[in-house]
Amino acid sequence: VEDLMRSRNWLGFLGPLSLLLLTLGCYPEPQTNPNITPDDGTKAPAFINFVHAATDAPMLDVYIDKQKQAAALDFRKSTGNRQITPLGHTVELRRAGSDATSPALLTANISLLPGSKTLLTAVGRAAELEGPAQLQLVATTYGTTDPKNVKLRLLNAVPEAPALELLAGVN
């Protein structure tokens, strides 16, 4: 050992040894997949907010997986944030007061990830069955905790309204 400490080889041995000691106990953060159930057996809930913007349907009943979630939702109104199980769901829209077994104005499938926040907007016209103005369900994510990534969403759902222009800055 004495001969090793006096030789220049000691410096070559000391570098890798100190690097090994520094890296012991340093583990990278585990990657988390929101689709995997945590060890405690729970999943983060998902949230939806449904907005009624179908111009020719004054009120809608909203069904998710055959269960009525909103009754007689007025045009331009929303359900507010609703907690829901994160998985695939079927959304059905019917005119307010229609029987739950009556044909839906719109049926759409959505997939929600744990912890997701989704804005569901019914846009278009329920009376038109073909063409670009037909009733559709638009799903977009919302919510952020990072103020640098705040998004503004503006929906002009009135066909008679003039086009809107958004200005930034001091205007």
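F47 touches R82, Q83, I84, S116, K117, T118 and Y142, with residues up to four places away in sequence left out of the list. This residue belongs to strand β1, which spans residues 46-54. The structure is a predicted model, and its secondary structure comes to two helices and eight strands. The points below begin with F47 and then turn to the sheets, the nonpolar core and H52.

**F47 in strand β1**

- The relative accessible area of F47 is 26%, so the residue is classed as partly exposed, a class that lies between the limits of 20% and 50%.
- Between F47 and L113 there are 66 positions in sequence, whereas their C-alpha atoms are 9.5 Å apart in space.
- Among the contacts of F47 are R82 and I84, and strand β4 covers residues 82-84.
- S116, K117 and T118 are also in contact with F47, and strand β7 covers residues 117-124.

**Overall make-up**

- Along the sequence the elements follow the pattern α-α-β-β-β-β-β-β-β-β.
- The protein has 171 residues, of which 25% are buried.
- Among contacts with a separation of 6 or more, 56% join residues that are 24 or more positions apart.
- The exposed area of the protein is about 12,500 Å², and carbon and sulfur atoms supply 57% of this area.

**The sheet that contains β1**

- β4, β1, β7 and β8 form an open sheet of four strands in the order β4-β1-β7-β8, and the pairing is mixed.
- The edges are taken by β4 (82-84) and β8 (136-141); each has a single partner strand, so one side of each lacks a neighbour in the sheet.
- From one strand to the next, the twist in this sheet averages 30°.
- Within the sheet, β1 and β7 pair in the parallel sense over eight bridges.
- One of the residues of β1 in this pairing is H52, whose bridge partner in β7 is A122.

**The antiparallel sheet**

- A further open sheet has four strands in the order β3-β2-β5-β6, with antiparallel pairing.
- Its edge strands are β3 (67-74) and β6 (106-111), each of which pairs on one side only.
- The twist here averages 20° from one strand to the next.
- Strand β2 (residues 59-64) pairs with β3 in the antiparallel sense over five bridges.
- Strand β2 also pairs with β5 in the antiparallel sense, again over five bridges.
- L60 has bridge partners in two strands: L73 in β3 and R95 in β5.
- V62 has A70 as its bridge partner in β3.
- Five of the six residues of β2 are buried, and the strand is thus mostly covered.
- The hairpin of β2 and β3 has two residues between the strands, and D65 in this hairpin takes a positive phi near 55°.

**The largest nonpolar core**

- The largest nonpolar core holds 22 residues, and those touching the most other members are F50, V91, L93, L120 and L137.
- Two or more residues of this core come from each of β1, β2, β3, β5 (88-95), β6 and β7 (117-124).
- The greatest contribution is that of β1, which gives four residues.
- L137 is in contact with F50, V91, L106, A108, I110, L120, T121 and A122, when its neighbours within four places in sequence are set aside.
- Three of the contacts of L137, namely F50, V91 and L120, are likewise named among the core residues that touch the most other members.

**H52 and its surroundings**

- H52 lies in strand β1.
- H52 counts as buried because its relative accessibility is 0%, and the cut-off for buried is under 20%.
- A polar atom of the H52 side chain lies 3.2 Å from the backbone nitrogen of A54.
- The backbone oxygen of A57 is 2.5 Å from a polar atom of the H52 side chain.
- Apart from neighbours within four places in sequence, H52 is in contact with A57, P58, M59, L60, L73, D74, F75, R76, K77 and A122.
- These contacts of H52 include L60 and L73, which are bridge partners in the pairing of β2 and β3.
- A122 is in contact with H52 and is also its bridge partner in β7.

Conventions:
Residues are numbered from 1 along each chain as its sequence is written. This is a predicted model: local features need pLDDT of at least 70, side-chain atom pairs count only at pLDDT 80 or more; totals for chains, interfaces and linings use all residues. Side-chain values use heavy atoms; hydrogens and water are left out. Two strands pair if DSSP finds at least two bridges between them. Axes are lines fitted to C-alpha atoms, for helices over the stretch in contact, and angles run from 0 to 180 degrees between N-to-C directions. Buried means under 20% relative accessible area, exposed over 50%, partly exposed in between (1.4 Å probe, protein chains only). Contact means heavy atoms within 4.5 Å. A nonpolar core is a set of buried Ala, Val, Leu, Ile, Met, Phe, Trp, Tyr and Cys residues joined through side-chain atoms within 4.5 Å. A polar contact is a pair of N or O atoms within 3.5 Å; within protein, one must be able to donate a hydrogen and the other to accept it, and residues adjacent in sequence count only if both atoms are side-chain atoms. Accessible areas come from the Shrake-Rupley method with a 1.4 Å probe; for residues, only the protein chains shown count as cover.
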